[in-house]
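Here is a short report on one chain contact and one sheet. Keep the structure open as you read.

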4 protein chains.
Amino acid sequence: MVTCAIIGASGYSGAELMRLLAPRMDVRITRVIARSSAGERVDAIYPSLAGRVDLRFEAFEPALLEGVDVAFVALPSGEAMAVVPEVQGRVGRVIDLGGDFRLLSAAQYEQYYRKPHTAPSLLGTAVYGLPELNKDQIRQSRFVANPGCYPTCAILGLLPALTSGIVAPGGIVINALSGVSGAGRTSAVDYSYTELHGNVRAYKIGNHQHIPEIQSVLAGASGQDVALSFIPHLIPTARGIYATLHADLKQKTTVEDLVALYDRYYAEAPFVRVKRTIPQMSSVVYTNYCDIGLSIEPHTNKLVVISTIDNLVKGAAGQAIQNMNLMLGIPETTSL
Amino acid sequence: MVTCAIIGASGYSGAELMRLLAPRMDVRITRVIARSSAGERVDAIYPSLAGRVDLRFEAFEPALLEGVDVAFVALPSGEAMAVVPEVQGRVGRVIDLGGDFRLLSAAQYEQYYRKPHTAPSLLGTAVYGLPELNKDQIRQSRFVANPGCYPTCAILGLLPALTSGIVAPGGIVINALSGVSGAGRTSAVDYSYTELHGNVRAYKIGNHQHIPEIQSVLAGASGQDVALSFIPHLIPTARGIYATLHADLKQKTTVEDLVALYDRYYAEAPFVRVKRTIPQMSSVVYTNYCDIGLSIEPHTNKLVVISTIDNLVKGAAGQAIQNMNLMLGIPETTSL
Amino acid sequence: MVTCAIIGASGYSGAELMRLLAPRMDVRITRVIARSSAGERVDAIYPSLAGRVDLRFEAFEPALLEGVDVAFVALPSGEAMAVVPEVQGRVGRVIDLGGDFRLLSAAQYEQYYRKPHTAPSLLGTAVYGLPELNKDQIRQSRFVANPGCYPTCAILGLLPALTSGIVAPGGIVINALSGVSGAGRTSAVDYSYTELHGNVRAYKIGNHQHIPEIQSVLAGASGQDVALSFIPHLIPTARGIYATLHADLKQKTTVEDLVALYDRYYAEAPFVRVKRTIPQMSSVVYTNYCDIGLSIEPHTNKLVVISTIDNLVKGAAGQAIQNMNLMLGIPETTSL
Amino acid sequence: MVTCAIIGASGYSGAELMRLLAPRMDVRITRVIARSSAGERVDAIYPSLAGRVDLRFEAFEPALLEGVDVAFVALPSGEAMAVVPEVQGRVGRVIDLGGDFRLLSAAQYEQYYRKPHTAPSLLGTAVYGLPELNKDQIRQSRFVANPGCYPTCAILGLLPALTSGIVAPGGIVINALSGVSGAGRTSAVDYSYTELHGNVRAYKIGNHQHIPEIQSVLAGASGQDVALSFIPHLIPTARGIYATLHADLKQKTTVEDLVALYDRYYAEAPFVRVKRTIPQMSSVVYTNYCDIGLSIEPHTNKLVVISTIDNLVKGAAGQAIQNMNLMLGIPETTSL
């Protein structure tokens, strides 16, 4: 029996971890840590988990985690860097779902997250937990930085094209649409139902913290500088990310060749589905799949990739469990 | 030129008053009072009003209202009773959109609003501003209590049946569905987009403050005690109320006779549309109409009335303007 | 390995059966029958099932079903009565998700379904597949009529109150709200996105085919005539039913006593969650749970029960699988 | 009194024309032509228009239009080119809301609309009805081709940047999101509520008929070839278009300078609101405004313009009425 703790369990990623782990016979959640809800029953905050998770939230105490096999850290960015050092010696594996350990540079972190990094010595010690890119390293790792939701979606859509060299590494444009759960469990008026019903708004143009994550992972994987625009938008639904990716094809090619290229690249990736039709977001919601559709815009000779995931599953909790499965030698798709 | 002030202008009813009054040539909004937003431009909070309302919110100061023709009070319940006494001497007419002056009894107010009434001497001095019931009194009034959103919808659906005596005054059941704007401009997690998307929840079962309002208006109009259940629900949309009303027919009748009865009752009511088909909520959203559909459930011989309005228009700002038109001798439908 | 066939597999209930059965190791779907889509791949119609169901739809041919362990019939009402007689000899068990075998009387069927029943000799031969009521009979049955979505929700909410005799069996009012998937996979303009966004409409007032089903099951279980109003409404979401049930308490009681009564009644029902707070629909969506909340309206002494399910899971495919589990002696909650 | 006829009145653009024209004192709708609904009352199809439009749909007959001042043609693309020649001699002005007369080349029409143009002699005889670009020509015209919804939104967002020469005319990327009403009043399963709730899908990648319209208008206005990508998406709401436009700035500049440039360009455009903050779609829904927000993405030096309109108002019926006002010498903003 694998024992798990979730630190930051009262947010949406934490709740999704509970939802996905609860039915497993081989895993037991032993601790759910959430400062603001300490003492409350999980099903008081998440009635959907009544009958499935019979636990109370607890305040963070390093000793509570002693001997736990896997600690999922689902804290807001900026909080994990204080917690992870206290946890690492006590638990078997750490999977951080936030942004604190995805970048390699403390300066870049500070620029985009707008706060100094307080555990810079840990930067670079986590494996970037995108199984479709780093499966072997994840298997051997004790510390995984789970990718961001937008980066998961955008990187999976571009990896085969960039690593094969069929598109130019500059001038890439990423437009991404996210359901509102991406903003977390929040009380701001701007995220209230009435404000967002029938509404769309772009945000953080030019300074979203996922820009350096996408850029550096794609650059690292393809061995070249990558320059891209990234514009995130909120759309009126709860779950899902839909990214439309534009890149200049270096030569004329066909959709068939593109599909073949992507199929080869993702031959060992059970959660990537490559399509020659245009994907829709509803196909992946509540699943760990990433659906990727390939098109060529004839009058511009641009590759247009549609990539779509559930931000809370493949973009957060599902991918974290996929990583846990790999780290523990359990079949990758278990419970997903 | 009629001058207007809106007190409590930064909430949704206040914004809707601005939206509906801004295009009028015969009316000018001179003051928009909102404590929490004092100093801010209206279009900073409501970008939809850019180019239409060129004002800044101001903190409440009785002197600001001196000489204004019509003061709309759109404050949360409990705040108007402090403000109205200070306003009444300074302005021509007062229309209160909240609940502070709709009930006649301070004790009943305290029971349902859970706070003592601090201006009990004013109770009973306002005309209940339902033009379909009290048009003549409204015309002569200087102080109108604008009906609540649920009461407007429910009362209009039941008035002809109860006043004509065709249904029993007891055992009435009202199930009402409301868009989330009915909860006001709020930052509570429970009203966040993610929580309410794809969701429904009933609330305040047995103790909603609109119960005594509906009961007492129907009782007063029909000259008998009225007993009713009222269960409000939030549904995943922004605007609109949809009320399903069940009452026991005393005798067998036909839908044709019911339609004739309602048509007669509402012959002078330009915003009530009586139908023998089942209304849909989208027909009234962004309008001042109340659509009423009449059915008989054959196996129970119950009258089933569907009544639907836009909670922010006929249920608040639109009805307030309808009342203003009547009070000022302007045609009732102007700008609506 | 249990083999299953789905007849009428291209509708939403069929797709939901595939979604829920696909991950099972102990069950294999061998045939998916759908006349209109015969020859097409399942994932061409339901891209969400790509990588999960690797089958093509086939036209109905009785011989295709020879030797199958469980046949799920997910046809529109009126079509199953032609198909079931041809299937019964060939397969181990039949679970019909439609309405053709839920009523006992051909006359009542004709009145509410507006077509004659063409297999009246089979009426009464199916067990009504509500496990919370008929678990033992289901275990021994070879032919189950899976309850309707509204009936599941309404009956579960009323059974303990009616069978214990604490409420009057007459004058019950049921208002139920359904997501649009309840209308099936349909191309009618009235069910188009634009028409239903931000909209609500009641429908089939007084003549919905689930009225006799609810009435007769509750009457049978409680041993008395039951009279009820039932008004269904479409609301702007895809999944979920939310029923608000009103019944007259015969005596004064407390919510605590009601909760105790319901808890006892559902002690062996793993999918019913009894609550003293008001349930919300989102808690049950994508699950097989029925959440039941109990309130007393003090001024009317009415019991107000909120009951909520996912119409495609507990209201259709999930309950069908729960029935299959019971019929086959598999633990009831397997894969649900 | 101006008399109007609407040909193709039963679609959403036709209904929106009725909604916007009905309250006018200076305009009377005399004919509403709609083949498929001929004989039916307008409010039978659009119950929201009950009490506002008291007309029946009629089948098309050229003689019916004799002497009408303004004919709005709101037919599906491909149908107007048969009707306009029959109408032109009989009415004062023609405003075509479809795509048949927006392009100058029959070959281009055939390529993108996938049917031959049957009235090529009329190509080029209509003024392109974008008042912000062609106000004087519209004033003198008797035949206006009302712009498409996406083109209105995209062109308004790019005109000042391209005509001033601050951005490169190549490599422009347009991602546009549309509410589902953009697909018209349709019965296809793909546009049903259940399919589109919580869903997003791109469509017509590389071959949408608005590509040549956007390109040729921008090229004509800026006197240079313009090359652009255009990817339209359906999002889960009913109304509104939200376009995110990316273009390469030729030099470093500031948002302040951009706002000043756009403000100058739109000094005489009462329906364009230029902002330095990011617009949201809800601000323009149910209005004739186009909100434009200007940003610079620092790491790419790209201009990012957000442009948003209501597809049925500024993108169709509202703009058509704006054009009518101009053609008739009525103040441009009347009733809008």
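Two strands count as paired if DSSP finds at least two bridges between them. With that in hand, turn to chain D of this predicted model. Strand 8 (residues 172–178) and strand 10 (residues 228–234) of chain D run parallel and pair over seven bridges. Within that pairing, I174(D) sits opposite F230(D) of strand 10.

Both strands belong to an open sheet of seven strands in chain D, with the order 9-10-8-11-14-13-12. Its pairing is mixed. Which strands form the edges? They are strand 9 (201–202) and strand 12 (272–275) of chain D, each pairing on one side only.

Helix 6 (residues 149–164) of chain D lies across part of this sheet: strands 8, 10, 11 (241–248), 12, 13 (290–297) and 14 (302–309). The helix runs at about 140° to strand 14 of chain D.

Now the contact between chain C and chain A.

| Feature of the C–A contact | Value |
|---|---|
| Residues from chain C | 14 residues |
| Residues from chain A | 14 residues |
| Area buried | about 1,100 Å² |
| Share of that area from carbon and sulfur atoms | 52% |
| Salt bridges | zero salt bridges |
| Polar contacts (both residues at pLDDT 80 or more) | four residue pairs |

On the side of chain C that touches chain A, five residues are nonpolar, six polar and three charged. Which three residues of chain C supply more of its buried area against chain A than any other three? P47(C), R273(C) and Y286(C) do, with 34% of the area that chain C buries there.

Methods:
Residues numbered from 1 in each chain as written. Chains lettered and ligands numbered in written order. Predicted model: local features only at pLDDT ≥ 70, side-chain atom pairs only at ≥ 80, totals over all residues. Heavy atoms only, no water. Contact = heavy atoms within 4.5 Å. Buried area = accessible area lost by both parts, 1.4 Å probe. Salt bridge = Lys/Arg side-chain N within 4 Å of Asp/Glu carboxyl O. Polar contact = N/O pair within 3.5 Å; in protein donor to acceptor, adjacent residues only side chain to side chain. Nonpolar A, V, L, I, M, F, W, Y, C, P; charged D, E, K, R; others polar. Helix = DSSP H or I, 4+ residues; strand = E, 2+ residues; numbered from the N terminus. Axes fitted to C-alpha atoms, helices over the stretch in contact; angles between N-to-C directions.
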